[in-house]
Amino acid sequence: VEFFWGDERAVPPDNPDSNYRMACDALLGPLNIPPEHIHRMEAERSDPEAAAQEYAAAIAGCFDVSVTDSPPAFDLILLGLGEDGHTASLFPHTDALHVTDRWVVVNQVPQLSTTRITMTFPLINQARAVFFLVAGDAKASALTSVLHSPYDPMRFPSQAVRPDNGRLEWFVDHAAAGQLSTQAHD
């Protein structure tokens, strides 16, 4: 099993805000996953564009394809949902939402005054399965909007996660599902 990241903040890997650190502390470390199976995004580098290109190349190498080929199909992509409807680092009204020809990009996120590296929809939507994990009442409004509002991925980027040939599943706790209709719970 190979582990990749959907996105990363521009912080060192030992920073408490690092997605890499959180995953290692909670899952990969306790499971003793060999380091050669862990592919970290180096979003803290001084040249994030080069880091994004190298990450796409690492994905291509693992799948034995070229970055100029169609995106490969991950077996599983696990995503979260932000309170604003974002997923990975695909935030509302940001440039990465328009990318169709790259697998991994640098995305300026003005609403957070930051830059991040993220997988793009063309790569995410090739997955055999995409699972969203959504927890807490702070996500209830976003979940309802993503699932029941008219399709507007510029406003609710998670709506653009639509696997081409895979399945999409939502795992939500009661608090996150609190604003969904009774029909949606069944």
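Start your tour by selecting Thr114, which counts as partly exposed because its relative accessibility is 25%. Keep in mind as you click around that this is a predicted model. Thr114 sits in strand β6, which covers residues 114–119. Which residues does Thr114 touch, once you leave aside its neighbours within four places in sequence? Show Asn107, Gln108 and Val109, and you have its contacts. Now add Arg9 to the selection. Arg9 and Thr114 are 105 residues apart along the chain, yet their C-alpha atoms are separated by 8.2 Å.

**One step back: Ser113**

Move to Ser113, in the loop between β5 (104–109) and β6. Check its backbone angles: phi is near 50°, a positive value in a residue other than glycine. Is Ser113 buried or exposed? It counts as exposed, because its relative accessibility is 70%.

There's another residue to look at for its phi. Select Asn32, in the loop between α1 and β3. Asn32 isn't a glycine, but it has a positive phi of about 55°. With a relative accessible area of 65%, Asn32 is exposed.

**Zoom out**

Now show the whole protein chain as a cartoon. How many helices and strands are there? You should find 5 helices and 8 strands. Following the sequence, the pattern reads β-β-α-β-α-β-β-β-α-β-α-β-α. The radius of gyration is 16 Å, close to the 16 Å that the globule rule gives for 186 residues, so the chain is as compact as a globular protein of that length.

If you draw a box along the principal axes, the C-alpha atoms fill roughly 45 × 35 × 35 Å. Switch on the surface: the protein chain exposes about 9,800 Å², and carbon and sulfur atoms supply 50% of that. As for what's hidden, 41% of the 186 residues count as buried. Contacts tell you about the fold too: take those between residues at least 6 apart in sequence, and 66% of them join residues at least 24 apart.

**Helix α1**

Next, select residues 19–28, which make up helix α1. Colour Asn19, Cys24 and Leu28, which are buried. Why do these three end up on the same side of α1? They cover an arc of only 130° around the axis, and that puts them there. Here's a handy rule: an α-helix has 3.6 residues a turn, so residues three or four places apart point the same way.

Rotate to the other side of α1, and you'll meet Asp25 and Ala26, both exposed. What covers the buried residues of α1? The cover includes β1 (3–4), β2 (7–9) and β3 (38–39), so show those strands alongside the helix. Before leaving, zoom in on the start of α1. There, a side-chain oxygen of Ser18 comes to within 3.2 Å of the backbone nitrogen of Tyr20.

**The aromatic rings**

Last stop: show the side chains of the aromatic residues. The structure holds 6 aromatic pairs. Begin with Phe131 and Phe171: their ring centres are 5.1 Å apart and their planes are at 65°, so this pair is edge-to-face. Phe131 lies in strand β7 (residues 129–134) and Phe171 in strand β8 (residues 167–172), so the pair ties together parts that are 40 residues apart in sequence. Phe131 counts as buried at 16% relative accessibility, while Phe171 is partly exposed, with a relative accessible area of 38%.

Now select Phe132 and Trp170. How are these two rings arranged? Their centres are 4.0 Å apart and their planes are at 5°, so the pair is stacked. This pair also links distant parts of the chain, with Phe132 in strand β7 and Trp170 in strand β8, 38 residues apart. Check the surface again here: Phe132 counts as buried, at 0% relative accessibility, and Trp170 is partly exposed, with a relative accessible area of 25%.

To finish, select Phe4, Tyr55, Phe63 and Phe74 together. Ring pairs link these four residues into a cluster. Turn the view around and trace the links from ring to ring.

Notes: Residues are numbered from 1 along each chain as its sequence is written. This is a predicted model: local features need pLDDT of at least 70, side-chain atom pairs count only at pLDDT 80 or more; totals for chains, interfaces and linings use all residues. Side-chain values use heavy atoms; hydrogens and water are left out. Buried means under 20% relative accessible area, exposed over 50%, partly exposed in between (1.4 Å probe, protein chains only). Helices (H or I, at least four residues) and strands (E, at least two) are DSSP runs, numbered from the N terminus. The arc is that of the directions from the helix axis to the C-beta atoms. Contact means heavy atoms within 4.5 Å. A polar contact is a pair of N or O atoms within 3.5 Å; within protein, one must be able to donate a hydrogen and the other to accept it, and residues adjacent in sequence count only if both atoms are side-chain atoms. The radius of gyration is taken over C-alpha atoms; the globule rule is 2.2 Å times the number of residues to the power 0.38. Accessible areas come from the Shrake-Rupley method with a 1.4 Å probe; for residues, only the protein chains shown count as cover. Rings of Phe, Tyr and Trp (its six-membered ring) pair if their centres lie within 6.5 Å; planes under 30 degrees apart count as stacked, over 60 as edge-to-face and the rest as tilted.
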